[in-house]
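Me: Please pick a single part of this structure and go through it closely. After that, put it in the context of the packing elsewhere in the model. Keep it to one connected account.

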Amino acid sequence: MSNRFKSRYDDDINLFEGRWHLAQYALLIALLLAAPWLLGVYYLGELTAVLIWSLAGLGLMLISGHTGQVSLGHAAFMAIGAFTNLALMMRGWHFIPALLASAVTSGVLGAIISRPILRMSGIYLAIATLALSIIIEDLSILAEPITGGVAGLFAPPIDLFGLTIDRYSSPKAFYYLCLTVLVIVTLGYLNLLRSASGRSFLAVRDSEVSARALGVNVTRAKTLSFALSCAMTGLAGALYAHLAQAVNYESFLVLISITLLLQVVIGGLGSVHGAFFGAIVVVLLPQSIAMLRDFLNNTAGISIAAYPGMDTALFALLILLMVIYEPRGLYGVWFKVRTWLQLFPLYRKGMFRRTRTYLKTERQR
Amino acid sequence: MDILQLLVSGIANGCIYGLLALGFVLIYKASEAVNFAQGDMMMLGAFLGVTFINASYADLPFLIGITLAALLLGLFGYLLDRFVLRAIFGQPQFAMVILTIALGFLIRFVAGVIWGHDPTSLETPFVGQVWMLGELMIPVVDAVIILTTVGLTSILYFFFARTRLGVAMQASSQNQMAAYYMGIPVKRINAIVWALSGVVAAIAGVLFAAKGAVEPSVGLLFGIKAFAAAVIGGLGSLPGALLGGLLVGIVEPFAGRYLPEVGQIAPYLLMLVVLVLRPGGLFAQISQKKV
């Protein structure tokens, strides 16, 4: 079914490879649209959380997965987006301009910050962004007129097309709002990746020196990628503020930054699918552990409830196994399964065997 | 006098940061990996020290306890590299970052299960003792910390600069493949350096627990601060790590005293300023590739 004869250059960069591919995504969208009727209110809330973390993950994926600049500080931009959105809405702005403003503010701030920060590379960049996240945590207490200080801000209900959208009184409407934003951003993202800018990002990731030799403006590519990435994360932050209903300095701790990076890694760096897979794991893992715990308690009589931090530890263990056995993350697993199905009787063992690599020094770049 | 007093406690704190930063630099020098679990290894070392030395546990003499803790954590580092980290040998630095972050979470969980979440202090023979230097009060703990740090840093410096093993470690980090060709057993070198950094982390941890209190989550932020110190000095330079640690340690109490709003984040601001001005740290070891 996957034997396609390419007759035009466009065939290489089409968003959908063919009718079958398009039909799969149409089915997915239909399922997502029907979800409010398939799921209870609680699980709908969880699904909304998955959508929002996917959006944040997409933001981080652009800079870390597709441009190769590891950021350990993206919760900072979620915070900027969330506080901008809520502060503007409390001053009487309508939701949509406030949402756009939070994307623009985080994007512009990201672009400004990226200039000095992206001169670093590798581990230096990671620690600099980590520091940024810690600093923003403190700034969100200090900037009291905007952020409400220690108490934080509460999310007002959203007025949209005559509807009042609120996470608790109208969870379906809030779910559709998040879904709409996510679908628009994802389509934009896919289009970006097949444009000249997007391909210049990939070139920078694969080798900065060769990208420069091929005429890519490396500084511009990095700055643009960082700004867009921050804008997406800012959007996610704004939606998260409405999901959590209240945000303060504790909503965007450094741990969130770290979790966000782990999410992207577990999903699979460098793939759009990965952001979604990772979000599903991050949001639903605590749930599954709680269920497993109840199950064990009820059937085998084993109590594992005594240990606090159990779900973080299991998450960490999952990451550990993932990095060792499947560096391409859940996307890698999915890709292998898909290939096996597509090639069905012809799949050979060792098709994905990794070649032996040696560490390349980062001290010369 | 006030300022001098702040300076003494800042230097002592800075020495602990410096020691921990040394652990980072050791591993970076030999395998160019960054161990984000270093802070948690320090926490583990501190708890081992508490277990061996405190009267309510094993109640051993101080020096024997600290030696046992260092050896045990050294063994832990060796086994960690041998059985976990070797699986991703040769992969990009980034994989190691993620792996060690995950390891840190696990170590924190295990320590919480074993030792509980209450802050615990180490009982040292010199608790509460003070030397008077004119009007200046120098707690004996601080003096011990400073002397240990200076001693350990010089030993490690000469180890890397002068001994065969030290030079082999530097070679294996600068070009892994070439080091293989020269007959250096790169994998064994990695394991040895992880053991060494475990020893250093244990000593830092014991000193940390002697000065303050230790609990499982202490490693995360302390580790990040120590990493900031290592980066300020320029990762890969031992004297740089010590200098960075001292800078961070000194800036912290002064900022807390005179600029209380930014007291918490002063070390990170300092690091960002240094990195913006010199993207490779004070003793930079990064150079642009010549094509």
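Reply: A helix here is a DSSP run of H or I with at least four residues, and helices are numbered from the N terminus. The model is predicted. The part chosen is Leu238(B), which lies in helix 10 of chain B, a helix spanning residues 238-258. Is Leu238(B) buried or exposed? Buried means under 20% relative accessible area; Leu238(B) has 3% relative accessibility and therefore counts as buried.

Its surroundings come next. Leaving aside residues up to four places away in sequence, Leu238(B) touches Leu22(B), Val25(B) and Lys29(B). Leu238(B) also touches Thr153(B), Leu156(B), Tyr157(B) and Phe160(B). A separation along the chain can be given too: Gly183(B) is 55 residues from Leu238(B) in sequence, and their C-alpha atoms are 26 Å apart.

Met182(B) serves as a contrast. This residue sits in the loop between helix 7 (176-181) and helix 8 (186-211) of chain B. The cut-off for exposed is over 50%, so Met182(B), at 68% relative accessibility, counts as exposed. Between the C-alpha atoms of Met182(B) and Phe89(B), which are 93 residues apart along the chain, there are 18 Å.

Next, a helix pair in chain B. Helix 1 (residues 2-31) and helix 2 (residues 38-53) of chain B pack at an angle of about 125°, and their axes are 10 Å apart. The two helices are therefore oblique to each other. Their crossing is right-handed. From helix 1 of chain B, Leu20(B), Gly23(B), Phe24(B) and Ile27(B) meet Gln38(B), Gly39(B) and Met42(B) of helix 2 of chain B. The residues of this contact are four nonpolar, three polar and no charged.

Chain A has a pair with another geometry. The axes of helix 3 (residues 41-66) of chain A and helix 8 (residues 171-193) of chain A cross at roughly 20° and come within 10 Å. These helices of chain A are therefore roughly parallel to each other. The crossing of helix 3 and helix 8 of chain A is left-handed. Their contact residues divide into 20 nonpolar, four polar and one charged.

Last, the nonpolar core. The largest one has 208 residues. Those with the most contacts inside it are Trp53(A), Ile123(A) and Leu239(A) from chain A, together with Phe36(B), Val214(B), Phe227(B) and Leu235(B) from chain B. Helix 4 of chain B, residues 93-115, gives the most to this core, with 15 residues.

Technical notes: Residues are numbered from 1 along each chain as its sequence is written. Chains are lettered from A and ligands numbered from 1 in the order in which they are written. This is a predicted model: local features need pLDDT of at least 70, side-chain atom pairs count only at pLDDT 80 or more; totals for chains, interfaces and linings use all residues. Side-chain values use heavy atoms; hydrogens and water are left out. Axes are lines fitted to C-alpha atoms, for helices over the stretch in contact, and angles run from 0 to 180 degrees between N-to-C directions. Angles under 35 degrees count as roughly parallel, over 145 as roughly antiparallel, 65 to 115 as roughly perpendicular and the rest as oblique. A crossing is left-handed if the near helix is turned anticlockwise from the far one by less than a right angle, and right-handed if clockwise. Contact means heavy atoms within 4.5 Å. Ala, Val, Leu, Ile, Met, Phe, Trp, Tyr, Cys and Pro count as nonpolar, Asp, Glu, Lys and Arg as charged, and the others, Gly among them, as polar. A nonpolar core is a set of buried Ala, Val, Leu, Ile, Met, Phe, Trp, Tyr and Cys residues joined through side-chain atoms within 4.5 Å. Buried means under 20% relative accessible area, exposed over 50%, partly exposed in between (1.4 Å probe, protein chains only).
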